[in-house]
Structures are given as structure tokens and as C-alpha cells.
Amino acid sequence: MVRGKIEIKRIENLTSRQISFSKRRKGLLKKAHELSVLCDAQVAAIVFSQKGKLYEFASSDMKKMMEQCEMYRHGYFHAERLQEEKDVQDLKNEVTVMVNRIELLQLHCRKLMGQDLGSCSVEELNEITIQIERSLTLIRSRKGKVHEDEVEKLKSEIEGTRELVNERTKLHEMFEERPLWMQSRSLESEKNASSSSSSACENVNISDVETDLFIGLHRSQV
């Protein structure tokens, strides 16, 4: 019958935990003995129970094996400590180099600003002059480029404004915008013109009608 896998975690039940400890301790020491016999290896196993009781196995003298283990650990940790100290020293040296570089850069910047020039030789002063002239050339070039960009921007804005003015002028010409008082006066003049023309037409029609009056007897009666 195949046994199921047991989840590796602390056994909560005290009795089950003690039983499991006893079985696995015996199995561990048995495996250590088998390893020492089969592989001709020096094997030592030390187990402390929960209550502090010691269980051990050693293929040879336990004391000698512990001394050998301590010597190995001392050499291993000593080498590791030496490597750590070397790494720390390398970092310190790198920090020192970076600090020196920063100080040199700060001194160079002060010299470019015209400070701390007392210790400079003629060659150093010539070199600083050349660097300043190069920097000024670059600054002037950048300044000219910025000015050109601003001029182009202003030109585009003026062109846009000019187009708006032309468009407004066209609209004024198309619709002939006039003030309201002029529009009302023109409407009144048009109304007056239409009324006078209608009156003239009525006068013409009335004059064309014959209106002869006769006083006395009609001719047919004479």
C-alpha cells in the first residue's frame, strides 16, 4: 500500500510529535551509519530533542571530528572575512577616487568662473580661455537658434492675424454691414417712395375719368 505524502509542518499534537521525532531520529542516525559504512566517510550527527536531550552518532571519535569541523569553519569563515574586508577596502578606495575627482571638477568650475586663478600657469590660463571661448560660441549659436524660432513663431502669428483680417474684410464687403440707424432710415425712405408712387398712380387714374357736369335741361328735352 502506497503511503501518501505528509505535509512538512509542525505537528500540533504532542503525542504524535514525540512519536514522529523518535522514529525519524532513529532513521536519521541509521542513514548516517549507512553513509559512513558504504562510502567510507566520516559522518557525525547531533540531534537535540525539544526538551534538550542529546542524541548523537559519530563514525569515529566525536571530539576529534568536532575539532576538525571547528578548524575547517575557522579557515572558511576567516577566508570569507578576508574577502569581505577586501571588498570593503575596494569600496573605500573607489569612494576616495570619486571624492578626488569631484574636488578637481569643482576646482575647474571655479577657475572657469574666474576664481582661484592664483595657482594657474600661463598654459592653464590659455586652456581656460579656449574653453570659455568655445562655450561662448555654443551659447551664441543656441541663442541665435532660439531667436530664430521666436521670429518664426511671431511671423506665423502675424500671418494668422492677417488672414483673419482679410477674411473679415471679405465678409464686410459681401454683406455690406451698416449701422442700425442707417438701415432704419433706408427702410423709411423705401416706404415713402413706395407710398408716393402709389399716390401718383391713383391721381393718374382719377384724371383719366371723364367728369363733365351739366346744369339745365338735357339736350334731348329741348
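This report describes the fold, the strand pair, the nonpolar core and the largest pocket of a predicted model.

**Overall arrangement**

The chain comprises four helices and two strands, and, read from the N terminus, its elements follow the order α-β-β-α-α-α. Of its 222 residues, 8% count as buried. Among the contacts in the chain with a separation of 6 or more, 18% are made by residues 24 or more positions apart.

**The loop before the strands**

Helix 1 and strand 1 are linked by a loop in which D40 is found. D40 is not a glycine, yet its phi is positive, at about 55 degrees. Is D40 buried or exposed? D40 counts as exposed because its relative accessibility is 71%, and the cut-off for that class is over 50%.

**The hairpin**

Strand 1 (residues 44-48) and strand 2 run antiparallel and are joined by five bridges, with V47 standing opposite Y55 of strand 2. The two strands form a hairpin in which five residues lie between them, and in the turn G52 has a positive phi of about 95 degrees. Strand 2 (residues 54-58) shows an alternation of its side chains, since Y55 and F57 point to one face and are buried, whereas L54, E56 and A58 point to the other face and are not buried.

**The nonpolar core**

F57, one of the two buried side chains on that face of strand 2, also belongs to the largest nonpolar core, whose five residues are L29, A32, V43, A45 and F57. Another member of this core, V43, touches A32, L35, S36, F57, A58, S59 and M65, when residues up to four places away in sequence are left out of the count. The contacts of V43 thus include two other members of the core, A32 and F57.

**The largest pocket**

The largest pocket has a volume of about 670 Å³. Its lining is made up of 21 residues, and those that lie nearest the centre of the pocket are I11, R17, Q18, S20 and F21. Which element gives the most to this lining? Helix 1 (residues 14-39) does, with nine residues. The table divides the lining residues by class.

| Class of lining residue | Number of residues |
|---|---|
| Nonpolar | seven residues |
| Polar | four residues |
| Charged | ten residues |

Helix 1 therefore appears in two parts of this description: helix 1 (residues 14-39) contributes nine residues to the pocket lining, and the loop holding D40 lies between helix 1 and strand 1.

Note on methods
Residues numbered from 1 in each chain as written. Predicted model: local features only at pLDDT ≥ 70, side-chain atom pairs only at ≥ 80, totals over all residues. Heavy atoms only, no water. 1 Å grid on protein atoms, 1.4 Å probe; cavity = no way out; pocket = protein on both sides within 12 Å on 5 of 7 lines; lining within 4 Å. Points joined across faces, edges and corners; volume = space filled by probe spheres on them. Nonpolar A, V, L, I, M, F, W, Y, C, P; charged D, E, K, R; others polar. Buried < 20%, exposed > 50% of the residue type's maximum accessible area, 1.4 Å probe, protein only. Pairing = 2+ DSSP bridges. Core = buried A, V, L, I, M, F, W, Y, C linked by side-chain atoms within 4.5 Å. Contact = heavy atoms within 4.5 Å.
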